[in-house]
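Let us take a walk through this structure together, one stop at a time. Keep the sequence and the 3D view open as you read.

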Amino acid sequence: MKRGTDAVFSILLLVATGLYLATIYFVFFLAPIESRMGIVQKIFYFHVPAAYSMYVGATACFIGSVGYLIKPNDLWDGLGRAGAEVAVTFGAMVLVTGPLWAAKAWGFYWTWDPRLTTALLSVLVYVAYLVLRGFAGDGEGERKFAAALGILGAANLPIIHFSVQKWGGQHPAVITGKGGGLQHPDMKTALMLSFLAFTCFVAALLWVRTRQQMLSSRITRAELDALDLGLLDGEAS
C-alpha cells in the first residue's frame with residue numbers, strides 16, 4: 001500500500017514538473033507580449049491558476065470538514081488540514097501576484113476592491129484554521145471547531161467569485177477582453193498548460209499532506225497510549 005501511494009505522489013509530481021516547464025516555455029518564449037500591459041501581463045498565467053488552486057484547496061478543506069463533523073476520523077481531518085494548507089499557500093501567491101499586476105494596470109498596488117477584500121478575508125480564515133490546529137491542541141473539540149472554520153471559509157468562495165458582478169470594483173470580471181485578453185493561440189495554450197500544471201501540483205500536495213497528517217495523528221495517539229501504559233517511562237527518565 002505504501003509503495004502504491006508513493007508511486008501516485010511521484011507520478012503527480014513528475015507530471016506537474018513537466019507541465020510547469022512547458023508552461024514557462026510557452027509563457028516566456030512563445031506567448032507574445034501584450035500591447036497594453038507589456039511584460040507584466042505574463043503574471044496573469046500564474047495569478048489566475050493560483051486563484052483556482054486556492055479554490056481547490058478550500059474545497060478540499062470544506063469536504064474534509066463536513067466529513068469530519070459527520071464521521072470523525074483521521075482521513076477527513078487530514079484532508080481538511082491539507083486543504084487549508086493549500087488554500088493558504090496559493091492564496092498567498094494570489095495576494096502577491098495580484099498587487100504586482102495592479103500596480104501596472106491601476107497605478108496602485110492595493111485597493112479595498114470587493115474581490116480583493118473577500119479574497120484576503122478567505123485567506124485569513126484558513127490561516128486561523130491552521131493556527132488553531134497547530135497551537136490549540138489535537139483534541140476532539142479543537143478538531144470540530146477547526147472544521148467549522150473550514151466550512152465558514154468555503155461559504156466565502158461564492159462571494160469572492162460573484163463579487164465583481166454584484167458590487168463592481170476595479171477587478172476585471174472575466175479573464176478575456178480587449179487589451180488584456182488571450183487573442184493569440186499561444187496565450188491560450190500557455191494558460192491551459194498552467195492550469196494543468198497547477199492542478200497536478202495541488203493534487204500531489206493534497207495527496208501527500210493528507211497522508212502525512214493521518215500518520216502524524218496515528219503516531220501521536222500511539223505515543224499517548226504508550227504513556228498511559230508506562231512504556232515510555234524508561235525513555236523519559
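**Where two helices meet**

A good place to begin is the meeting of α4 and α5: on the α4 side, the residues involved are Ser122, Val125, Tyr126, Ala128, Tyr129, Leu132 and Arg133, and on the α5 side they are Glu142, Arg143, Phe145, Ala146, Ala147, Leu149, Gly150, Gly153 and Ala154. Sorted by class, this contact of α4 with α5 has 10 nonpolar, 3 polar and 3 charged residues. Bear in mind as you look that the model is predicted.

How do the two helices run relative to each other? Their axes, those of α4 and α5, come within 9 Å and cross at roughly 170 degrees. Because an angle over 145 degrees counts as roughly antiparallel, α4 is described as roughly antiparallel to α5.

Now step back to the whole protein chain. There are 8 helices and 0 strands in it, and reading along the sequence gives the pattern α-α-α-α-α-α-α-α. The protein chain has 237 residues, and 41% of them count as buried. If you take the contacts between residues at least 6 apart in sequence, 77% of them join residues at least 24 apart.

Which residues touch the most other members of the largest nonpolar core? They are Phe44, Tyr45, Phe90 and Tyr126, in a core of 45 residues. At least two residues of this core come from each of α1 (2-30), α2 (44-70), α3 (74-105), α4 (114-135), α5 (140-155), α6 (157-167) and α7 (185-228). The largest share, 10 residues, is supplied by α2.

Two of those core residues bring us to the aromatic rings. A search of the whole structure finds 12 aromatic pairs. One of them joins phenylalanine 44 and tyrosine 45 in an edge-to-face arrangement, at 5.9 Å centre to centre and with 85 degrees between the planes. The pair is called edge-to-face because its planes are over 60 degrees apart. Are these two residues buried or exposed? Phenylalanine 44 has a relative accessible area of 7% and is buried, and tyrosine 45, at 0% relative accessibility, counts as buried too.

Elsewhere, ring pairs link Tyr20, Phe90, Phe198 and Phe201 into a cluster. To see what surrounds phenylalanine 90, leave aside its neighbours within four places in sequence: the residues in contact with phenylalanine 90 are then Ala50, Ser53, Met54, Phe198, Phe201, Val202 and Leu205.

Our last three stops are in helix α3. The first to visit is aspartate 74, which is found in this helix. Aspartate 74 counts as buried because its relative accessibility is 10%, under the cut-off of 20%. What does aspartate 74 contact beyond its neighbours within four places in sequence? The answer is Arg143, Met214, Ser217, Arg218 and Arg221. Arg143 may be familiar, as it also appeared where α5 meets α4. Aspartate 74 and leucine 215 are 141 residues apart along the chain, yet their C-alpha atoms are separated by 8.6 Å.

Next comes glycine 83, which also lies in helix α3. With 0% relative accessibility, glycine 83 counts as buried. Not counting residues up to four places away in sequence, glycine 83 touches Gly57, Ala58, Ala60, Cys61 and Leu206. From C-alpha to C-alpha, glycine 83 and glycine 64 are 8.0 Å apart in space, with their positions 19 residues apart in sequence.

The walk ends at proline 99, again in helix α3. Proline 99 is buried, and its relative accessible area is 15%. Setting aside residues up to four places away in sequence, proline 99 touches Val94, Tyr109 and Trp110. The C-alpha atoms of proline 99 and tryptophan 110 are separated by 5.9 Å, and the two residues are 11 residues apart along the chain.

Key
Residues are numbered from 1 along each chain as its sequence is written. This is a predicted model: local features need pLDDT of at least 70, side-chain atom pairs count only at pLDDT 80 or more; totals for chains, interfaces and linings use all residues. Side-chain values use heavy atoms; hydrogens and water are left out. Rings of Phe, Tyr and Trp (its six-membered ring) pair if their centres lie within 6.5 Å; planes under 30 degrees apart count as stacked, over 60 as edge-to-face and the rest as tilted. Buried means under 20% relative accessible area, exposed over 50%, partly exposed in between (1.4 Å probe, protein chains only). A nonpolar core is a set of buried Ala, Val, Leu, Ile, Met, Phe, Trp, Tyr and Cys residues joined through side-chain atoms within 4.5 Å. Helices (H or I, at least four residues) and strands (E, at least two) are DSSP runs, numbered from the N terminus. Contact means heavy atoms within 4.5 Å. Axes are lines fitted to C-alpha atoms, for helices over the stretch in contact, and angles run from 0 to 180 degrees between N-to-C directions. Angles under 35 degrees count as roughly parallel, over 145 as roughly antiparallel, 65 to 115 as roughly perpendicular and the rest as oblique. Ala, Val, Leu, Ile, Met, Phe, Trp, Tyr, Cys and Pro count as nonpolar, Asp, Glu, Lys and Arg as charged, and the others, Gly among them, as polar.
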